[in-house]
Amino acid sequence: MIADRAACEALDRADPLAGRRALFDLTPGQIYLDGNSLGALPRAVKPRLDAAVQAEWGRDLIKSWNTADWINLPARVGAKIAPLIGAAPDEVIAADSTSVNIFKLAAGALKLRPGRKVIVTEPGNFPTDLYILQGLRDLMGDVELRVVEQAGLEAALTDEVALLLLTHVHYKTGRVHDMARLTAQAHAAGALVLWDLSHSAGALAVDLSGCGADLAVGCGYKYLNGGPGAPAFLFVAKRLQADFQSPLTGWMGHAAPFAFGDDYAPAKGVLRGLCGTPSVLGLTALEAALTVFDGVDMADIRAKSMVLGDLFLDLALARCPEFGLGCSRDAIQRGSQVALTHPQGYPIMQALIHRGVIGDFRAPDVLRFGFTPLYVGYADVWDAVEILVDIMANEQWREARFHEIAAVT
Ligand SMILES: *Cc1c(COP(=O)(O)O)cnc(C)c1O
(Lines give C-alpha, C1' and ligand atoms only; values in the text may rest on other atoms or scores of the structure.)
Protein backbone atom coordinates (compact mmCIF):
# COMPACT_ATOMS: atom_id res chain seq x y z
CA MET A 1 0.00 0.00 0.00
CA ILE A 2 1.09 3.58 -0.75
CA ALA A 3 2.60 4.92 2.46
CA ASP A 4 3.25 8.58 1.81
CA ARG A 5 2.65 11.57 -0.44
CA ALA A 6 6.03 11.15 -2.14
CA ALA A 7 4.91 7.79 -3.52
CA CYS A 8 1.80 9.48 -4.95
CA GLU A 9 3.92 12.21 -6.52
CA ALA A 10 6.04 9.51 -8.16
CA LEU A 11 2.89 7.96 -9.64
CA ASP A 12 1.88 11.38 -10.97
CA ARG A 13 5.27 11.83 -12.64
CA ALA A 14 4.91 8.47 -14.40
CA ASP A 15 1.28 9.06 -15.41
CA PRO A 16 0.71 9.04 -19.21
CA LEU A 17 -2.34 11.27 -18.69
CA ALA A 18 -0.58 13.82 -16.47
CA GLY A 19 -0.36 16.39 -19.28
CA ARG A 20 -4.14 16.43 -19.73
CA ARG A 21 -4.69 18.30 -16.49
CA ALA A 22 -3.44 21.51 -18.11
CA LEU A 23 -6.37 21.31 -20.54
CA PHE A 24 -8.75 22.10 -17.68
CA ASP A 25 -9.43 25.36 -15.89
CA LEU A 26 -9.19 24.07 -12.31
CA THR A 27 -9.47 26.18 -9.18
CA PRO A 28 -6.10 26.21 -7.36
CA GLY A 29 -6.27 24.61 -3.94
CA GLN A 30 -9.45 22.72 -4.75
CA ILE A 31 -9.58 18.94 -5.21
CA TYR A 32 -12.47 18.20 -7.48
CA LEU A 33 -13.86 14.70 -6.96
CA ASP A 34 -17.27 15.30 -8.51
CA GLY A 35 -16.63 15.05 -12.23
CA ASN A 36 -19.13 12.20 -12.23
CA SER A 37 -21.83 14.78 -11.47
CA LEU A 38 -20.57 17.88 -13.30
CA GLY A 39 -17.32 17.68 -15.23
CA ALA A 40 -14.68 20.39 -14.83
CA LEU A 41 -14.35 23.20 -17.37
CA PRO A 42 -12.01 22.44 -20.30
CA ARG A 43 -9.98 25.51 -21.26
CA ALA A 44 -11.03 25.11 -24.91
CA VAL A 45 -14.65 25.92 -24.08
CA LYS A 46 -14.49 29.60 -23.20
CA PRO A 47 -12.74 30.92 -26.35
CA ARG A 48 -14.97 28.72 -28.50
CA LEU A 49 -18.12 29.99 -26.79
CA ASP A 50 -16.86 33.58 -26.96
CA ALA A 51 -16.41 33.19 -30.71
CA ALA A 52 -19.80 31.55 -31.12
CA VAL A 53 -21.50 34.33 -29.19
CA GLN A 54 -19.65 37.23 -30.82
CA ALA A 55 -19.14 36.17 -34.41
CA GLU A 56 -21.75 33.49 -35.04
CA TRP A 57 -24.66 34.78 -32.99
CA GLY A 58 -23.74 38.45 -32.54
CA ARG A 59 -22.51 39.28 -36.03
CA ASP A 60 -23.71 36.65 -38.48
CA LEU A 61 -27.00 35.88 -36.78
CA ILE A 62 -29.29 33.61 -38.76
CA LYS A 63 -26.73 33.05 -41.52
CA SER A 64 -24.76 30.95 -39.01
CA TRP A 65 -27.14 28.03 -39.41
CA ASN A 66 -25.30 27.54 -42.70
CA THR A 67 -22.02 29.44 -42.41
CA ALA A 68 -21.14 28.03 -38.98
CA ASP A 69 -22.95 24.77 -39.74
CA TRP A 70 -25.13 25.06 -36.64
CA ILE A 71 -27.68 22.81 -38.29
CA ASN A 72 -25.32 19.83 -38.20
CA LEU A 73 -24.20 20.25 -34.59
CA PRO A 74 -26.27 17.32 -33.22
CA ALA A 75 -24.76 14.90 -35.75
CA ARG A 76 -21.27 16.41 -35.57
CA VAL A 77 -21.10 16.24 -31.78
CA GLY A 78 -22.68 12.79 -31.81
CA ALA A 79 -19.95 11.60 -34.17
CA LYS A 80 -17.33 12.85 -31.69
CA ILE A 81 -18.96 10.98 -28.81
CA ALA A 82 -19.29 7.79 -30.88
CA PRO A 83 -15.69 6.51 -30.52
CA LEU A 84 -15.89 6.88 -26.74
CA ILE A 85 -18.80 4.45 -26.61
CA GLY A 86 -17.88 1.98 -29.35
CA ALA A 87 -20.40 3.30 -31.85
CA ALA A 88 -20.16 4.34 -35.50
CA PRO A 89 -20.29 8.10 -36.16
CA ASP A 90 -23.72 7.86 -37.79
CA GLU A 91 -25.28 6.02 -34.85
CA VAL A 92 -25.13 8.86 -32.32
CA ILE A 93 -26.62 12.34 -32.04
CA ALA A 94 -26.31 14.91 -29.26
CA ALA A 95 -29.67 16.38 -28.32
CA ASP A 96 -32.13 17.12 -25.55
CA SER A 97 -31.63 15.77 -22.02
CA THR A 98 -30.98 12.20 -20.96
CA SER A 99 -34.51 12.06 -19.53
CA VAL A 100 -36.10 13.07 -22.84
CA ASN A 101 -33.87 10.68 -24.78
CA ILE A 102 -34.91 7.79 -22.52
CA PHE A 103 -38.52 8.60 -23.33
CA LYS A 104 -37.87 8.69 -27.07
CA LEU A 105 -35.91 5.45 -27.16
CA ALA A 106 -38.10 3.49 -24.74
CA ALA A 107 -41.24 4.44 -26.68
CA GLY A 108 -39.39 3.62 -29.91
CA ALA A 109 -38.44 0.21 -28.52
CA LEU A 110 -42.09 -0.62 -27.78
CA LYS A 111 -42.92 0.17 -31.42
CA LEU A 112 -40.06 -2.06 -32.58
CA ARG A 113 -41.45 -4.99 -30.60
CA PRO A 114 -45.18 -4.94 -31.39
CA GLY A 115 -47.26 -7.28 -29.23
CA ARG A 116 -44.79 -7.11 -26.36
CA LYS A 117 -45.91 -4.88 -23.50
CA VAL A 118 -43.35 -5.30 -20.73
CA ILE A 119 -40.36 -3.12 -19.87
CA VAL A 120 -37.89 -4.63 -17.41
CA THR A 121 -35.71 -2.40 -15.26
CA GLU A 122 -34.03 -2.28 -11.86
CA PRO A 123 -35.13 -0.67 -8.60
CA GLY A 124 -32.77 1.92 -7.15
CA ASN A 125 -31.78 3.22 -10.56
CA PHE A 126 -31.18 6.94 -11.02
CA PRO A 127 -34.72 8.23 -10.44
CA THR A 128 -35.34 9.88 -13.78
CA ASP A 129 -34.98 6.56 -15.62
CA LEU A 130 -37.73 5.03 -13.49
CA TYR A 131 -39.89 8.15 -13.55
CA ILE A 132 -39.77 8.42 -17.33
CA LEU A 133 -40.76 4.76 -17.69
CA GLN A 134 -43.64 5.33 -15.27
CA GLY A 135 -44.83 8.28 -17.35
CA LEU A 136 -44.55 6.25 -20.55
CA ARG A 137 -46.54 3.40 -18.98
CA ASP A 138 -49.26 5.80 -17.87
CA LEU A 139 -49.42 7.37 -21.32
CA MET A 140 -49.55 4.02 -23.13
CA GLY A 141 -52.07 2.48 -20.74
CA ASP A 142 -51.25 -1.12 -21.58
CA VAL A 143 -47.55 -1.26 -20.69
CA GLU A 144 -46.29 -3.17 -17.67
CA LEU A 145 -43.15 -2.14 -15.79
CA ARG A 146 -41.31 -5.09 -14.29
CA VAL A 147 -38.89 -3.69 -11.73
CA VAL A 148 -36.57 -6.47 -10.54
CA GLU A 149 -33.29 -6.72 -8.65
CA GLN A 150 -30.12 -7.63 -10.55
CA ALA A 151 -30.26 -11.30 -9.55
CA GLY A 152 -33.74 -11.66 -11.04
CA LEU A 153 -33.12 -9.91 -14.35
CA GLU A 154 -32.53 -12.98 -16.48
CA ALA A 155 -35.64 -14.74 -15.16
CA ALA A 156 -37.70 -11.59 -15.80
CA LEU A 157 -36.81 -11.63 -19.49
CA THR A 158 -39.83 -13.56 -20.74
CA ASP A 159 -41.28 -13.49 -24.25
CA GLU A 160 -43.59 -10.58 -23.32
CA VAL A 161 -40.64 -8.25 -22.78
CA ALA A 162 -40.06 -5.52 -25.34
CA LEU A 163 -37.25 -3.70 -23.58
CA LEU A 164 -34.67 -4.05 -20.84
CA LEU A 165 -33.50 -0.66 -19.57
CA LEU A 166 -30.37 -0.65 -17.42
CA THR A 167 -27.85 1.91 -16.31
CA HIS A 168 -24.41 0.53 -17.11
CA VAL A 169 -22.66 2.14 -14.11
CA HIS A 170 -24.87 2.71 -11.08
CA TYR A 171 -25.00 6.36 -10.04
CA LYS A 172 -24.63 5.69 -6.33
CA THR A 173 -22.61 2.50 -5.92
CA GLY A 174 -20.72 2.65 -9.20
CA ARG A 175 -21.52 -1.02 -9.87
CA VAL A 176 -20.84 -1.99 -13.49
CA HIS A 177 -23.24 -4.26 -15.34
CA ASP A 178 -21.92 -6.87 -17.75
CA MET A 179 -23.15 -5.20 -20.91
CA ALA A 180 -22.29 -8.03 -23.30
CA ARG A 181 -23.91 -10.75 -21.18
CA LEU A 182 -27.12 -8.86 -20.36
CA THR A 183 -27.52 -7.70 -23.96
CA ALA A 184 -27.19 -11.30 -25.14
CA GLN A 185 -29.73 -12.49 -22.53
CA ALA A 186 -32.24 -9.84 -23.62
CA HIS A 187 -31.74 -10.73 -27.27
CA ALA A 188 -32.23 -14.42 -26.51
CA ALA A 189 -35.65 -13.45 -25.11
CA GLY A 190 -36.41 -11.36 -28.20
CA ALA A 191 -36.16 -8.07 -26.30
CA LEU A 192 -34.18 -4.92 -27.00
CA VAL A 193 -31.85 -3.26 -24.50
CA LEU A 194 -31.53 0.43 -23.72
CA TRP A 195 -28.28 1.21 -21.93
CA ASP A 196 -28.01 4.40 -19.92
CA LEU A 197 -24.35 5.41 -20.19
CA SER A 198 -24.58 8.55 -18.04
CA HIS A 199 -21.83 7.35 -15.69
CA SER A 200 -19.90 5.41 -18.34
CA ALA A 201 -19.29 7.67 -21.32
CA GLY A 202 -15.83 9.20 -20.96
CA ALA A 203 -15.12 7.18 -17.81
CA LEU A 204 -14.51 3.70 -19.11
CA ALA A 205 -14.27 1.97 -22.44
CA VAL A 206 -17.76 1.13 -23.67
CA ASP A 207 -18.18 -1.13 -26.68
CA LEU A 208 -21.79 -0.80 -27.81
CA SER A 209 -21.09 -2.36 -31.21
CA GLY A 210 -19.05 -5.21 -29.77
CA CYS A 211 -21.88 -6.01 -27.35
CA GLY A 212 -24.48 -5.89 -30.13
CA ALA A 213 -26.27 -3.11 -28.24
CA ASP A 214 -29.53 -1.74 -29.60
CA LEU A 215 -30.14 1.62 -27.96
CA ALA A 216 -28.29 3.88 -25.56
CA VAL A 217 -28.47 7.31 -23.96
CA GLY A 218 -26.04 9.28 -21.85
CA CYS A 219 -25.19 12.53 -20.27
CA GLY A 220 -23.13 15.42 -21.67
CA TYR A 221 -22.26 17.19 -18.42
CA LYS A 222 -20.67 14.39 -16.40
CA TYR A 223 -17.46 12.77 -17.72
CA LEU A 224 -17.91 14.49 -21.08
CA ASN A 225 -17.45 17.90 -19.40
CA GLY A 226 -20.02 19.70 -21.55
CA GLY A 227 -21.09 22.09 -18.79
CA PRO A 228 -24.19 22.45 -16.62
CA GLY A 229 -27.25 21.12 -18.42
CA ALA A 230 -25.20 20.17 -21.51
CA PRO A 231 -27.07 18.33 -24.26
CA ALA A 232 -27.25 14.56 -23.81
CA PHE A 233 -26.74 11.93 -26.51
CA LEU A 234 -28.62 9.02 -27.93
CA PHE A 235 -27.52 5.95 -29.89
CA VAL A 236 -29.60 3.81 -32.22
CA ALA A 237 -27.81 0.82 -33.76
CA LYS A 238 -27.65 1.11 -37.53
CA ARG A 239 -29.62 -2.11 -38.08
CA LEU A 240 -32.60 -0.60 -36.16
CA GLN A 241 -32.53 2.92 -37.57
CA ALA A 242 -34.83 2.37 -40.55
CA ASP A 243 -37.60 1.00 -38.33
CA PHE A 244 -37.05 3.17 -35.27
CA GLN A 245 -39.86 5.68 -34.71
CA SER A 246 -39.49 8.51 -32.23
CA PRO A 247 -42.71 9.43 -30.39
CA LEU A 248 -41.57 13.08 -30.39
CA THR A 249 -42.06 13.78 -34.08
CA GLY A 250 -40.69 17.30 -34.14
CA TRP A 251 -39.65 19.08 -37.27
CA MET A 252 -35.91 18.69 -36.77
CA GLY A 253 -36.33 14.92 -37.00
CA HIS A 254 -38.27 15.32 -40.26
CA ALA A 255 -36.87 14.11 -43.56
CA ALA A 256 -37.10 17.65 -45.00
CA PRO A 257 -37.59 20.21 -42.23
CA PHE A 258 -37.31 23.16 -44.58
CA ALA A 259 -39.95 21.86 -46.98
CA PHE A 260 -42.46 22.89 -44.27
CA GLY A 261 -44.95 20.19 -45.28
CA ASP A 262 -47.95 19.35 -43.11
CA ASP A 263 -47.19 15.68 -42.68
CA TYR A 264 -44.45 14.09 -40.67
CA ALA A 265 -41.94 11.84 -42.39
CA PRO A 266 -38.89 10.69 -40.43
CA ALA A 267 -35.38 11.72 -41.37
CA LYS A 268 -32.93 9.06 -42.49
CA GLY A 269 -30.90 7.26 -39.87
CA VAL A 270 -30.35 8.39 -36.32
CA LEU A 271 -31.35 11.98 -37.21
CA ARG A 272 -34.96 10.92 -36.76
CA GLY A 273 -34.17 10.95 -33.06
CA LEU A 274 -34.04 14.76 -33.16
CA CYS A 275 -37.06 16.75 -32.07
CA GLY A 276 -36.78 20.55 -31.97
CA THR A 277 -34.19 23.21 -32.73
CA PRO A 278 -30.78 22.22 -31.36
CA SER A 279 -29.32 24.03 -28.37
CA VAL A 280 -26.52 25.71 -30.31
CA LEU A 281 -24.51 27.19 -27.44
CA GLY A 282 -24.79 24.03 -25.37
CA LEU A 283 -23.68 21.87 -28.28
CA THR A 284 -20.87 24.27 -29.11
CA ALA A 285 -19.55 24.05 -25.54
CA LEU A 286 -19.83 20.26 -25.57
CA GLU A 287 -18.05 20.02 -28.92
CA ALA A 288 -15.13 22.07 -27.61
CA ALA A 289 -15.07 20.10 -24.36
CA LEU A 290 -14.74 16.81 -26.21
CA THR A 291 -11.33 17.86 -27.59
CA VAL A 292 -9.79 16.83 -24.24
CA PHE A 293 -10.32 13.23 -25.38
CA ASP A 294 -8.42 13.71 -28.66
CA GLY A 295 -5.69 11.08 -28.84
CA VAL A 296 -6.53 9.57 -25.45
CA ASP A 297 -6.77 5.82 -25.08
CA MET A 298 -9.81 4.95 -22.96
CA ALA A 299 -7.77 2.04 -21.59
CA ASP A 300 -5.39 4.55 -19.97
CA ILE A 301 -8.32 6.43 -18.45
CA ARG A 302 -9.83 3.23 -17.09
CA ALA A 303 -6.53 1.91 -15.72
CA LYS A 304 -5.80 5.15 -13.87
CA SER A 305 -9.32 5.51 -12.53
CA MET A 306 -9.16 2.02 -11.02
CA VAL A 307 -5.89 2.83 -9.25
CA LEU A 308 -7.18 6.21 -8.05
CA GLY A 309 -10.32 4.61 -6.61
CA ASP A 310 -8.36 1.82 -4.94
CA LEU A 311 -5.86 4.30 -3.52
CA PHE A 312 -8.65 6.41 -2.05
CA LEU A 313 -10.40 3.40 -0.51
CA ASP A 314 -7.16 1.91 0.85
CA LEU A 315 -6.20 5.16 2.53
CA ALA A 316 -9.65 6.28 3.69
CA LEU A 317 -10.78 2.94 5.11
CA ALA A 318 -7.43 2.30 6.85
CA ARG A 319 -7.30 5.73 8.43
CA CYS A 320 -11.03 6.32 9.07
CA PRO A 321 -12.42 2.91 10.04
CA GLU A 322 -15.72 4.51 11.08
CA PHE A 323 -16.74 4.65 7.40
CA GLY A 324 -18.61 1.85 5.72
CA LEU A 325 -18.00 0.77 2.14
CA GLY A 326 -20.80 1.78 -0.25
CA CYS A 327 -19.31 0.28 -3.40
CA SER A 328 -17.43 -2.77 -4.56
CA ARG A 329 -13.89 -3.17 -3.22
CA ASP A 330 -12.99 -4.68 -6.59
CA ALA A 331 -12.16 -1.92 -9.08
CA ILE A 332 -13.29 -4.05 -12.05
CA GLN A 333 -16.81 -4.05 -10.60
CA ARG A 334 -16.88 -0.25 -10.19
CA GLY A 335 -17.15 2.67 -12.56
CA SER A 336 -14.98 5.72 -11.97
CA GLN A 337 -16.41 6.55 -8.55
CA VAL A 338 -16.34 5.20 -5.02
CA ALA A 339 -18.81 5.48 -2.17
CA LEU A 340 -18.28 5.60 1.58
CA THR A 341 -21.17 5.40 4.00
CA HIS A 342 -21.60 7.18 7.32
CA PRO A 343 -24.74 8.19 9.25
CA GLN A 344 -23.37 11.77 9.32
CA GLY A 345 -22.52 11.66 5.62
CA TYR A 346 -24.21 14.95 4.82
CA PRO A 347 -22.36 17.23 7.28
CA ILE A 348 -19.09 15.37 6.67
CA MET A 349 -19.40 16.09 2.96
CA GLN A 350 -20.25 19.73 3.66
CA ALA A 351 -17.14 20.02 5.84
CA LEU A 352 -15.05 18.44 3.07
CA ILE A 353 -16.43 20.88 0.52
CA HIS A 354 -15.66 23.76 2.89
CA ARG A 355 -12.08 22.50 3.06
CA GLY A 356 -11.81 22.34 -0.75
CA VAL A 357 -12.48 18.65 -1.35
CA ILE A 358 -15.54 18.53 -3.58
CA GLY A 359 -17.52 15.31 -3.64
CA ASP A 360 -21.24 14.88 -3.16
CA PHE A 361 -23.80 13.27 -0.89
CA ARG A 362 -26.55 10.88 -1.91
CA ALA A 363 -29.30 10.08 0.57
CA PRO A 364 -29.46 8.47 2.99
CA ASP A 365 -25.80 8.03 3.93
CA VAL A 366 -23.53 7.92 0.87
CA LEU A 367 -20.47 10.11 0.37
CA ARG A 368 -19.62 9.84 -3.30
CA PHE A 369 -16.22 10.61 -4.79
CA GLY A 370 -15.61 10.59 -8.53
CA PHE A 371 -12.15 10.13 -10.04
CA THR A 372 -11.70 11.74 -13.41
CA PRO A 373 -8.27 10.63 -14.61
CA LEU A 374 -7.89 13.49 -17.07
CA TYR A 375 -7.59 16.03 -14.26
CA VAL A 376 -7.31 14.22 -10.92
CA GLY A 377 -3.89 12.97 -9.81
CA TYR A 378 -2.57 10.57 -7.20
CA ALA A 379 -1.31 13.31 -4.87
CA ASP A 380 -4.82 14.83 -4.99
CA VAL A 381 -6.14 11.59 -3.56
CA TRP A 382 -3.54 11.64 -0.81
CA ASP A 383 -4.41 15.25 0.07
CA ALA A 384 -8.15 14.59 0.02
CA VAL A 385 -7.78 11.73 2.49
CA GLU A 386 -5.55 13.86 4.74
CA ILE A 387 -8.35 16.44 4.93
CA LEU A 388 -10.97 13.75 5.56
CA VAL A 389 -8.86 12.32 8.38
CA ASP A 390 -8.52 15.78 9.91
CA ILE A 391 -12.25 16.51 9.70
CA MET A 392 -13.04 13.22 11.43
CA ALA A 393 -10.34 13.57 14.09
CA ASN A 394 -11.39 17.12 14.97
CA GLU A 395 -15.10 16.42 14.51
CA GLN A 396 -15.30 19.51 12.35
CA TRP A 397 -18.48 18.16 10.75
CA ARG A 398 -20.33 18.90 14.02
CA GLU A 399 -20.35 22.63 13.21
CA ALA A 400 -23.95 23.80 12.78
CA ARG A 401 -23.35 25.34 9.34
CA PHE A 402 -22.54 21.94 7.89
CA HIS A 403 -25.95 20.59 8.87
CA GLU A 404 -28.03 23.04 6.82
CA ILE A 405 -29.58 21.11 3.95
CA ALA A 406 -29.22 22.85 0.56
CA ALA A 407 -31.61 22.34 -2.35
CA VAL A 408 -29.00 20.43 -4.36
CA THR A 409 -26.84 17.89 -2.57
C1 LIG B 1 -27.16 11.95 -14.53
C2 LIG B 1 -28.12 10.91 -14.98
C3 LIG B 1 -29.25 11.27 -15.70
C4 LIG B 1 -29.51 12.71 -15.99
O5 LIG B 1 -30.71 12.98 -16.62
P6 LIG B 1 -31.04 14.48 -17.04
O7 LIG B 1 -32.18 14.35 -17.93
O8 LIG B 1 -29.82 15.07 -17.65
O9 LIG B 1 -31.37 15.23 -15.78
C10 LIG B 1 -30.10 10.25 -16.14
N11 LIG B 1 -29.85 8.96 -15.84
C12 LIG B 1 -28.77 8.59 -15.13
C13 LIG B 1 -28.52 7.15 -14.85
C14 LIG B 1 -27.88 9.56 -14.67
O15 LIG B 1 -26.82 9.20 -13.96
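Visitor: Which residues does Phe312 touch, not counting residues up to four places away in sequence?
Guide: In this predicted model, Phe312 belongs to the largest nonpolar core and is listed among the members that touch the most others. Leaving aside residues up to four places away in sequence, the partners of Phe312 are Val338, Leu340, Phe369, Phe371, Val381 and Val385.

Visitor: Which helix gives the most residues to this core?
Guide: The largest nonpolar core holds 97 residues, and alongside Phe312 the members touching the most others are Ile81, Ile85, Leu352 and Phe369. With a contribution of 11 residues, the element that gives the most to this core is helix H13, residues 378-393.

Visitor: How many residues are in the second, separate core?
Guide: Leu165, Val236, Met252 and Leu274 are included in this second core, which is separate from the one that contains Phe312. In soluble globular proteins, nonpolar side chains tend to be buried together. The number of residues in the second core is 30.

Visitor: Is helix H12 largely enclosed or largely open, and which elements do the buried residues of H12 pack against?
Guide: Helix H12 spans residues 345-354, and because eight of its 10 residues are buried, it is largely enclosed by the rest of the structure. Those buried residues are Gly345, Tyr346, Pro347, Ile348, Met349, Gln350, Ala351 and Leu352. They pack against strand E11 (357-358), strand E12 (360-362), strand E13 (366-370) and H13.

Visitor: Why does Thr284 count as buried?
Guide: Thr284 lies in helix H10, residues 280-289, and, not counting residues up to four places away in sequence, touches Arg48, Leu49, Ala52 and Leu73. Buried means under 20% relative accessible area. Thr284 counts as buried because its relative accessibility is 1%.

Visitor: How far from an oxygen atom of the ligand is an N or O atom in the side chain of Tyr221?
Guide: The residues surrounding the ligand include Ser99, Tyr221 and Lys222. A polar side-chain atom of Ser99 lies 2.6 Å from a ligand oxygen, and an N or O atom in the side chain of Lys222 is likewise placed 2.6 Å from an oxygen atom of the ligand. For Tyr221, the corresponding distance is 2.8 Å.

Visitor: What percentage of the ligand's accessible area does the protein cover?
Guide: On its own, the ligand has 390 Å² of accessible area, and the share covered by the protein is 88%. Two or more residues of the surrounding shell come from each of helix H5 (98-112) and helix H6 (127-140). The shell divides into two nonpolar, seven polar and three charged residues, and the covered share of the ligand is 88%.

Key:
Residues are numbered from 1 along each chain as its sequence is written. This is a predicted model: local features need pLDDT of at least 70, side-chain atom pairs count only at pLDDT 80 or more; totals for chains, interfaces and linings use all residues. Side-chain values use heavy atoms; hydrogens and water are left out. A residue is near a molecule or strand if one of its heavy atoms lies within 4 Å of it. A polar contact is a pair of N or O atoms within 3.5 Å; within protein, one must be able to donate a hydrogen and the other to accept it, and residues adjacent in sequence count only if both atoms are side-chain atoms. Accessible areas come from the Shrake-Rupley method with a 1.4 Å probe; for residues, only the protein chains shown count as cover. Helices (H or I, at least four residues) and strands (E, at least two) are DSSP runs, numbered from the N terminus. Ala, Val, Leu, Ile, Met, Phe, Trp, Tyr, Cys and Pro count as nonpolar, Asp, Glu, Lys and Arg as charged, and the others, Gly among them, as polar. A nonpolar core is a set of buried Ala, Val, Leu, Ile, Met, Phe, Trp, Tyr and Cys residues joined through side-chain atoms within 4.5 Å. Buried means under 20% relative accessible area, exposed over 50%, partly exposed in between (1.4 Å probe, protein chains only). Contact means heavy atoms within 4.5 Å.
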